[in-house]
Amino acid sequence: MEAFEDENPFESEPERLQSDTSSSRANISGLSSPVPQQARVVSPPTSPGRRNTFPSPGSHRQPQTFKNDFCCVRDRWLHSGEDVEILITDALKTSVNSTSPYITYVIRAGTAEAHHRYSEFESLRSNLVKLYPTLIIPPIPSKQTIGDYAIKQAKAKEDAAMIARRKRMLQTFLNRIARHPILSNEHVFHRFLDGEVSWAEVLHSPPISLLPKNILKAPSHNPTDQSVILAYAALPNPSAAHPLRRPDQRFLDSEVFTNKFAAHLSGPMEKVTRRTMKRWSDLAQDHAELGATMNGFSLNETGQLSTAVEKTGQAIDATYMSTTKLLQEFEQNWAEPLHEYTQFASIIKKLLQYRHQKHVQYEMTQEALEAKREQLEELEKSEREARRLEEALNQGRPRTLRTSSSLGGEGVEGEQQPEGEEGPSRRQEESVYLPPHPGPNPVKRRAPGMGFLNALSYTLHGMMDVDPETARRNSITKTKETISQLEDALHLAAQDLKYSSSTIQADLDRFQRQKVADLREMAISMARSHRDWCKKNLEAWEEAKAEIAKIPDHPNRLPDDGANGAAGAHGRRDSMATVEGQP
């Protein structure tokens with residue numbers, strides 16, 4: 001993992017909260033991480049003789065804080081200042097409130113004991129993701145694949161190895177939440193640990209019942225806030241693939257690093273781990289068969305040779321048992337955490353995707369606001385031109401009337417017009433100065449060659465008798481209302497972007513510290529397991545060597561120079577002497 005440390009963007013400087021190439025026009029660099037209330041800090045007690053299992057209680061947890069206000073007994077226990085640990089003590093098969101049997105896991109948190117099935121763990125995590133969209137929620141073990149069900153069929157749910165693995169990983173999931181500085185305060189989690197509370201009741205009561213369907217249409221800091229639902233309804237719903245005009249370079253680097261980290265873990269690391277476990281398993285199985293064969297062979301011999309062969313078989317059996325234990329520890333302390341961090345990488349991708357969508361939401365709202373302002377400017381410009389035209393017409397109307405009256409007088413003196421024609425001509429001249437009829441032109445509506453859709457639109461326009469001036473003024477009013485809504489929505493989007501950026505970055509920094517501590521613990525556990533494996537094998541083979549040394553020398557073995565007299569007394573000679581032609 002050394003190649004990732006030098007370019008890791010998760011460890012940012014405390015002073016640098018926002019990149020210089022920030023995309024939004026709002027000042028999203030001003031908001032810092034949420035500051036918890038002042039509390040007295042204590043370090044968790046440690047016991048020197050205790051061997052911690054993964055993850056170690058003190059490896060990645062923040063210093064625990066004493067709280068003055070507790071929502072329940074479980075909250076008081078979690079923040080008591082002691083090194084608390086949640087345990088899954090058993091997995092039981094039951095059919096309570098179900099037509100088919102299922103596995104329920106027994107959770108012990110202090111003095112409380114709760115029973116939950118896998119689907120309830122899944123619902124706890126999914127609701128925590130909705131309640132805290134800017135935090136890294138720990139993963140739970142994956143579901144059984146379709147292949148596992150196809151191979152094992154009905155026994156898939158009762159597979160002992162799968163159940164044991166789930167117990168360990170679900171316990172890790174609960175302890176990671178309990179050691180999180182924010183998630184450990186969530187009352188939904190406290191009620192999950194309480195065996196006297198129905199989980200179905202928790203799912204149908206606040207705050208879970210107040211969660212919106214679309215998490216993007218809710219505040220990042222409090223998605224259950226019902227007072228801003230109408231304001232957030234004006235925000236767009238962008239897709240994850242929508243590009244940004246001005247992306248934040250800091251989070252682009254985080255995405256690149258996360259993709260590399262995920263590819264390295266899910267690719268070479270897990271592949272080599274599976275191959276290593278398979279070879280250790282084959283080695284253990286070979287030693288088991290070889291030990292049984294050697295023990296059977298010792299029954300065919302007598303004397304010290306039989307004892308030595310039997311001791312050798314026992315040493316091989318000890319190697320088999322120590323290898324099996326090494327394989328179990330390797331799976332628990334290396335393979336499972338490695339798979340968990342592969343899941344963490346996917347979780348961080350979704351977290352960065354949420355922040356990306358919030359950023360796109362801000363930019364889209366900003367673009368919509370600018371477009372509406374331009375539209376309002378055009379409408380107001382048209383309104384001003386219409387008013388100037390109306391004023392010009394009103395100013396020119398009296399002069400035209402006086403001119404027409406004088407022209408009428410001259411007509412009487414010059415050309416005598418019939419009385420029947422004088423009235424209509426004057427009415428026609430006066431009608432010039434009246435505003436045109438707002439309705440459609442019937443000639444245009446019935447013009448030959450007009451398409452059907454155009455004719456239909458003109459007909460509907462004539463039926464509605466729309467006044468252009470009224471329509472324009474109504475459009476101006478609606479546009480102003482939309483602009484007001486978009487301004488409020490832009491303010492909310494800017495606040496969400498600030499909060500999301502600062503909180504996600506803070507939790508990424510916490511995750512980085514957790515990851516370094518966990519990888520260190522994984523490496524130490526692997527070294528410790530190999531050391532213990534070597535010690536046990538060395539002890540077993542030293543005992544076998546001592547028994548083998550007690551076997552008498554071969555009768556035809558050439559004695560050493562220092563023991564020639566003793567060898568002559570026993571009458572032993574080298575069997576190779578005749579072959580080599582020596583007397």
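**Exercise 1. The S4–S5 turn**

Task: In this predicted model, how many residues lie between S4 and S5 in their hairpin, and which turn residue has a positive phi?

Solution.
- Step 1. Locate the strands. S4 spans residues 102–109. S5 covers residues 112–117.
- Step 2. Look at the link. The two strands form a hairpin, with two residues between them.
- Step 3. Check the backbone. Gly 110 sits in the turn and has a positive phi of about 70°.
- Step 4. Check the pairing. S4 and S5 run antiparallel and are joined by six bridges. One pair to inspect is Tyr 105 with its bridge partner in S5, His 116.

**Exercise 2. The other side of S4**

Task: In which sense do S3 and S4 pair, and over how many bridges?

Solution.
- Step 1. Take S3, residues 87–94.
- Step 2. Follow its bridges to S4. The pairing is antiparallel, over seven bridges.
- Step 3. Pick a register point. Leu 92 has Thr 104 of S4 as its bridge partner.
- Step 4. Ask how covered S4 is. Seven of its eight residues are buried.

**Exercise 3. Two backbone exceptions**

Task: Which peptide bond is cis, and what is the phi of Asn 97?

Solution.
- Step 1. Recall the background. Most residues other than glycine have a negative phi, and most peptide bonds are trans.
- Step 2. Examine Asn 97. It is not a glycine, yet its phi is positive, about 60°.
- Step 3. Place Asn 97. It belongs to the loop between S3 and S4.
- Step 4. Test its exposure. Asn 97 counts as exposed because its relative accessible area is 80%, and the cut-off is over 50%.
- Step 5. Turn to omega. The bond from Pro 206 to Pro 207 is cis, with omega near 5°. Pro 207 lies in the loop between H7 (199–203) and H8 (229–233).

**Exercise 4. A loop histidine**

Task: Is His 180 buried or exposed, and which residues does it contact beyond four places in sequence?

Solution.
- Step 1. Find the site. His 180 is in the loop between H5 (160–178) and H6 (187–193).
- Step 2. Apply the cut-off. His 180 is buried because its relative accessible area is 3%, and buried means under 20%.
- Step 3. Look for a polar partner. A polar atom of the His 180 side chain lies 3.0 Å from the backbone nitrogen of Ile 182.
- Step 4. List the contacts, leaving aside neighbours within four places. They are Leu 135, Asp 507 and Arg 510.

**Exercise 5. The nonpolar cores**

Task: Which residues touch the most other members of the largest nonpolar core, and which element gives the most to it?

Solution.
- Step 1. Start with the core itself. Of its 34 residues, Ile 86, Phe 121, Leu 174 and Phe 189 touch the most other members.
- Step 2. Name the contributors. H2 (73–78), S4, H3 (118–131), H5, H6 and H7 each give two or more residues.
- Step 3. Rank them. H5 gives the most, with seven residues.
- Step 4. Zoom in on Ile 86. Its contacts more than four places away include Trp 77, Ile 107, Leu 174, Phe 189 and Leu 193.
- Step 5. Look elsewhere. Another core lies apart from this one; it has 25 residues, among them Phe 251, Leu 265, Phe 344 and Ile 347.

**Exercise 6. The whole chain**

Task: What share of the residues in the protein chain is buried?

Solution.
- Step 1. Count elements. The chain has 15 helices and five strands.
- Step 2. Take burial. Of 583 residues, 36% are buried.
- Step 3. Take the surface. About 34,400 Å² is exposed, and carbon and sulfur atoms supply 54% of it.
- Step 4. Take contact range. Among contacts between residues at least 6 apart in sequence, 74% join residues at least 24 apart.

Note on methods. Residues numbered from 1 in each chain as written. Heavy atoms only, no water. Buried < 20%, exposed > 50% of the residue type's maximum accessible area, 1.4 Å probe, protein only. Helix = DSSP H or I, 4+ residues; strand = E, 2+ residues; numbered from the N terminus. Pairing = 2+ DSSP bridges. Polar contact = N/O pair within 3.5 Å; in protein donor to acceptor, adjacent residues only side chain to side chain. Contact = heavy atoms within 4.5 Å. Areas by Shrake-Rupley, 256 points an atom, 1.4 Å probe, with all protein chains shown as cover. Core = buried A, V, L, I, M, F, W, Y, C linked by side-chain atoms within 4.5 Å.
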